[in-house]
Amino acid sequence: MILPIVGYGDPVLRKVGMEISPEYPNLKELIANMYDTMDNAYGVGLAAPQIGLAIRLFIVDTEPFSESDDLNELEKEQLKSFKKTFINAKILKEEGEEWGFNEGCLSIPDVREDVYRKGQITIEYCEEDFVKKTEVFDGLIARVIQHEYDHIEGILFTDKLSTLKKTLIKKRLQNIMEGKIRADYKMKFFNKKGR
């Protein structure tokens, strides 16, 4: 089932997510709905706060990035097959050179800016079956995980921009809060008149 994506300005996007247990109600169905929602919006990641739930759950599917001509064959292959659910994740380390990439967010449609992040992460998380894992990721996969992880920490990519960039996009962010935008997917706006 496709769920509405919460737009910029909703307080749920600023909450630090709570850990969940295997008994979380309808968890398998929730995860399936999140994948449906992300795929419908042509996203590469989606975190539970983006559908209104302040819990430590996010999903990643980097397959859409695998079409880029800027990548070598190995990178394309890695991105094509990377699809993973992260529950109760904790980034243990961020290492390497910071590098910039033009990021966007389903909760902040039509706003894209260069964000600088470390190149490699070590993350501890549970998969859908609640088996705990610790893994190292790098490149675009690490970046998508970092972006989604920020969501469960109440952080948005716009928080990482310079004061000047924030000033330049202020009006667009206000329009999102008021629902004065058109997205190609179902959204829920915080300050939309008549809500």
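**Exercise 1: Helix α1 and its neighbours**

Work out which strands the buried residues of α1 pack against, then pick out those buried residues.

*Step 1.* Start with the packing: the buried residues of α1 touch β1 (5-6), β2 (45-47), β3 (57-61) and β4. A contact here is heavy atoms within 4.5 Å. Helices (H or I, at least four residues) and strands (E, at least two) are DSSP runs, numbered from the N terminus.

*Step 2.* Keep in mind what you're looking at: this is a predicted model, where local features need pLDDT of at least 70 and side-chain atom pairs count only at pLDDT 80 or more, while totals for chains, interfaces and linings use all residues. Residues are numbered from 1 along each chain as its sequence is written, and side-chain values use heavy atoms, with hydrogens and water left out.

*Step 3.* Now list the buried set: Leu 27, Leu 30, Ile 31, Asn 33, Met 34, Tyr 35, Thr 37 and Met 38. The cut-offs are under 20% relative accessible area for buried, over 50% for exposed, and partly exposed in between (1.4 Å probe, protein chains only).

*Step 4.* Take Asn 33 from that list. It makes the buried list because its relative accessibility is 10%. Leaving aside residues up to four places away in sequence, Asn 33 touches Met 1 and Leu 3.

*Step 5.* Check the helix geometry. The 14 residues of α1 span 20 Å from first C-alpha to last, close to the expected 20 Å; the expected span is 1.5 Å times one less than the number of residues. Just past the helix, Tyr 42 has a positive phi of about 55 degrees.

**Exercise 2: The nonpolar cores**

Find which element gives the most residues to the largest nonpolar core.

*Step 1.* Fix the term: a nonpolar core is a set of buried Ala, Val, Leu, Ile, Met, Phe, Trp, Tyr and Cys residues joined through side-chain atoms within 4.5 Å. Nonpolar side chains tend to be buried together in soluble globular proteins.

*Step 2.* The largest core has 38 residues, and those with the most contacts inside it are Leu 27, Met 34, Leu 46, Leu 57, Ile 87 and Ile 108. At least two residues come from each of β1, α1, β3, β4, β5 and α4 (163-177). The top contributor is α1, with 6 residues.

*Step 3.* Zoom in on Ile 87. Beyond residues up to four places away in sequence, its contacts include Ile 20, Leu 27, Ile 31, Leu 57 and Phe 130. Apart from this core sits another one of 21 residues, among them Leu 79, Phe 86, Phe 137 and Ile 141.

**Exercise 3: Following the strands**

Trace how β4, β5 and β6 pair up, and say what joins them.

*Step 1.* β4 (residues 83-105) runs antiparallel to β5 (residues 108-126), with 13 bridges. Two strands count as paired if DSSP finds at least two bridges between them. The β4-β5 hairpin has 2 residues as its link.

*Step 2.* Pin down the register: Ile 87 bridges to Cys 126 in β5, and Glu 95 bridges to Gln 120.

*Step 3.* Gln 120 also has Asp 138 as a bridge partner, in β6. β5 and β6 (residues 132-138) are antiparallel too, over 7 bridges. Their hairpin has 5 residues in between, and Phe 130 in the turn shows a positive phi of about 65 degrees.

*Step 4.* On to β3: it is antiparallel to β4 over 5 bridges, with Asp 61 opposite Lys 83.

**Exercise 4: Rings and a tyrosine**

Compare the burial of the Phe 82–Phe 137 ring pair with that of Trp 99 and Phe 101.

*Step 1.* The whole structure holds 6 aromatic pairs. Phe, Tyr and Trp rings (six-membered ring for Trp) pair if their centres lie within 6.5 Å; planes under 30 degrees apart are stacked, over 60 edge-to-face, the rest tilted.

*Step 2.* Phe 82 and Phe 137 are edge-to-face, at 5.4 Å centre to centre and 75 degrees. Both are buried.

*Step 3.* Trp 99 and Phe 101 are edge-to-face as well, at 6.0 Å and 65 degrees. Trp 99 is partly exposed at 28%, and Phe 101 is partly exposed at 25%.

*Step 4.* Finish with Tyr 149 in α3 (residues 139-152). Tyr 149 is buried because its relative accessible area is 10%. Its side chain reaches the backbone nitrogen of Ile 91 at 3.3 Å.

Key. A polar contact is a pair of N or O atoms within 3.5 Å; within protein, one must be able to donate a hydrogen and the other to accept it, and residues adjacent in sequence count only if both atoms are side-chain atoms.
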